[in-house]
Amino acid sequence: IQYTVFDSEEDLAREFAAQVAAIFRDKPTGVLGTATGSSPLEVYRVLGRLVEIGAVSLKEVKTFQLDEYVGLPEGHSQSYRRFIEENLVALTDLRSYNVNVPNPHLVGTPGVDTLDEAAAAYDAAIKDAGGVDFQILGIGSDGHIAFNEPGTPLDSRTHVANLAEQTIIDNARFFGGDRSQVPTRCITQGLGTIMEARVIGLIALGENKAQAVRDMISGPVTPDCPASVLQNHPNVRVYLDKGAASLL
Ligand code: F6R
């Protein structure tokens, strides 16, 4: 896997956002795969500036978010739908109606009786939109990508999953530090779904990602480290700060 180590998060974000901008300048009606969490935040800010100066427009771009919690009320401040609205739509010219996020609240609407059906419909919607042109990824300290935790089959499709204990601990910071407030389930794109993106950029920041980054890049391809599946992708680039690269 090709990787680059940056001196600062700002340098990393500038280069990452430039790659995103180049792709959507070439294909203004393309599809962007989004991630939440802290890793892509600076990239979204830089993208906002690039849109402001006219270097790229996301007006006709569709987005598909990797994952969403199950069990939060609609519009909850920690829902990933809200995250994308606040951290990407608000900073760019992306249109809300072009933003797709797995939606557990579809259950009970016509044609969707179960969460599994909502997950399958999401997978189909990505295909209908023509597939993802550029996928933004972060990585969990346990090697997860999206919410594909260790043990997830490498060819999995969008599905309902349980969060690992480590991920609940890691994400408690977004819920006032209270683990009991973190949802235990989610809908997540599968590893097979993510692998269909044409180009992938993964961001890892900080020393607590170093072991996962090393396993992803130089370990065996195994469900024990879900991110290791990216070794089989023809066009992935990993963006690291010094902490995340410290075990390479
Ligand atoms: C977010 C997602 C997660 C995060 C990962 C890293 O949509 O799918 O896999 O990318 O948990 O999170 P941060 O960036 O907060 O360290």
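This passage walks through the fold of a predicted model, from the whole chain down to single strands and one helix. Residue numbers start from 1 along each chain as its sequence is written. Because the model is predicted, local features need pLDDT of at least 70 and side-chain atom pairs count only at pLDDT 80 or more, while totals for chains, interfaces and linings use all residues.

The chain carries 7 helices and 10 strands, taken as DSSP runs numbered from the N terminus (H or I, at least four residues, for helices; E, at least two, for strands). Its radius of gyration is 17 Å, which agrees with the value near 18 Å for a compact globule of 248 residues; that radius is taken over C-alpha atoms, and the globule rule is 2.2 Å times the number of residues to the power 0.38. Along the principal axes, the C-alpha trace spans about 50 × 40 × 35 Å. Of the 248 residues, 44% count as buried, meaning that 20 or more other C-beta atoms, placed from the backbone, lie within 10 Å of a residue's own. Among contacts with a separation of 6 or more, 78% come from residues 24 or more positions apart; a contact here is a pair of C-beta atoms, placed from the backbone, within 7 Å.

UniProt, in an unreviewed entry, places the feature "domain: Glucosamine/galactosamine-6-phosphate isomerase" at residues 10-232. UniProt positions follow the numbering used here, feature names are shortened, and annotations may be inferred rather than shown by experiment. Over residues 10-232 the chain is 32% helix and 14% strand, with the end C-alpha atoms 29 Å apart.

On to the sheets, where two strands pair if DSSP finds at least two bridges between them. One open sheet has 7 strands in the order β1-β10-β9-β6-β2-β3-β5, with parallel pairing. Its edge strands, β1 (2-6) and β5 (99-100), each pair on one side only. Within this sheet, β2 (residues 31-34) runs parallel to β3 (residues 62-65), and 4 bridges join the two. L32 faces T63 across that pairing, and T34 sits opposite Q65. Strand β2 is covered on both faces, with V31 and G33 buried on one side and L32 and T34 buried on the other.

The other sheet to describe is open too, with 3 strands in the order β4-β8-β7 and antiparallel pairing. Strands β4 (67-70) and β7 (159-162) are at the edges with a single partner strand each, so one side of each has no neighbour in the sheet. The twist averages 30° from one strand to the next. Strand β7 is held to β8 (residues 185-188) by 4 bridges, running antiparallel, and N162 stands opposite R185.

As for the helices, α1 (residues 9-26) lies across β1, β6 (134-137), β9 (199-204) and β10 (236-241), at about 165° to β9. Angles run from 0 to 180 degrees between N-to-C directions, with axes fitted to C-alpha atoms, for helices over the stretch in contact. Helix α2 (residues 41-52) has 12 residues and end C-alpha atoms 17 Å apart, which agrees with the 16 Å expected at 1.5 Å a residue; the expected span is 1.5 Å times one less than the number of residues. Buried in α2 are E42, V43, Y44, V46, L47, L50 and V51, and their cover includes α1, α3 (80-87), β6 and β9. Just after α2, G54 takes a positive phi of about 80°.

Terms used. Two residues are in contact if their C-beta atoms, placed from the backbone, lie within 7 Å. A residue is buried if 20 or more other C-beta atoms lie within 10 Å of its own, exposed if 12 or fewer, and partly exposed in between; C-beta atoms are placed from the backbone.
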